[in-house]
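Let's take a friendly walk through a protein chain, with the charged side chains as our way in. Have the viewer ready and follow along as each residue comes up.

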Amino acid sequence: TNVEEENKSQEYKKKIELYQFTEIGNKTASFGVATHHDNESLSSLLNRADKALYTAKENGKNRVEVAV
């Protein structure tokens, strides 16, 4: 479900945010999350996830956005 995927993405985002990278220090990540709909093409699924990612980036850094 979208809730499960969003929760997992939030976990990854937090781990990246807290990790101290050797060469570059701290970083953040934004995620676009989409759940496959019945009879949906791969292209459509990836398009929705991509749009959610761009929405996350437009709304600020270090975010998770879920596609509808």
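How many salt bridges does the count come to? For this predicted model, the count comes to 4 salt bridges. Before looking at some of them, it helps to get oriented in the chain as a whole.

Starting at the N terminus, you will pass through elements in the order α-β-α-β, which gives 2 helices and 2 strands. If you align the view with the principal axes, the C-alpha atoms fill a box of roughly 45 × 20 × 20 Å. Of the 68 residues in the chain, 24% are buried. The exposed surface comes to about 5100 Å², and carbon and sulfur atoms supply 51% of that area. As for contacts, take those with a separation of 6 or more: 49% of them are accounted for by residues 24 or more positions apart.

Now to the charges. The chain carries 10 positive and 11 negative side chains, and the centres of these two sets lie 6 Å apart. Some of these side chains pair up, as the next three examples show.

Begin with Lys14 and Glu17, which form a salt bridge whose closest N and O atoms are 3.9 Å apart. A salt bridge here requires the nitrogen to be within 4 Å of the carboxyl oxygen, so this pair counts as one. Both residues sit in helix H1 (residues 2-18), and because they are 3 residues apart there, about one helical turn separates them. Lys14 has a relative accessibility of 41% and so counts as partly exposed, and Glu17, at 26%, is also partly exposed.

Next, turn to Arg48, which forms a salt bridge with Glu40; here the closest N and O atoms are 2.7 Å apart. Are these two partners buried or exposed? Arg48 counts as buried because its relative accessibility is 15%, and Glu40 is buried too, with a relative accessible area of 13%. The cut-off that settles both cases is 20%, since buried means a relative accessible area under that value.

The third example joins the side chains of Glu65 and Arg63, with an N to O distance of 2.5 Å. Its two partners fall into two classes: Glu65 is buried, with a relative accessible area of 16%, whereas Arg63, at 28% relative accessibility, counts as partly exposed.

Let's leave the charges and visit two further residues. Ser9 belongs to helix H1 and, with a relative accessibility of 9%, it counts as buried. Which residues does Ser9 touch, not counting those up to four places away in sequence? They are Phe31, Val33 and Val64. Two of these contacts can be placed on the map straight away, as strand E1 covers 31-33.

The other residue is Gly25, found in the loop between H1 and strand E1. Gly25 counts as buried as well, at 12% relative accessibility. Setting aside neighbours within four places in sequence, Gly25 is in contact with Tyr19 and Gln20. To see how Gly25 and Ser9 are placed relative to one another, draw a line from C-alpha to C-alpha: the two are 21 Å apart in space and 16 residues apart in sequence.

How values were computed. Residues are numbered from 1 along each chain as its sequence is written. This is a predicted model: local features need pLDDT of at least 70, side-chain atom pairs count only at pLDDT 80 or more; totals for chains, interfaces and linings use all residues. Side-chain values use heavy atoms; hydrogens and water are left out. Helices (H or I, at least four residues) and strands (E, at least two) are DSSP runs, numbered from the N terminus. Buried means under 20% relative accessible area, exposed over 50%, partly exposed in between (1.4 Å probe, protein chains only). Contact means heavy atoms within 4.5 Å. Accessible areas come from the Shrake-Rupley method with a 1.4 Å probe; for residues, only the protein chains shown count as cover. Lys and Arg count as positive and Asp and Glu as negative; His and the chain ends are not counted. The place of a charge is taken as NZ of Lys, CZ of Arg, CG of Asp or CD of Glu.
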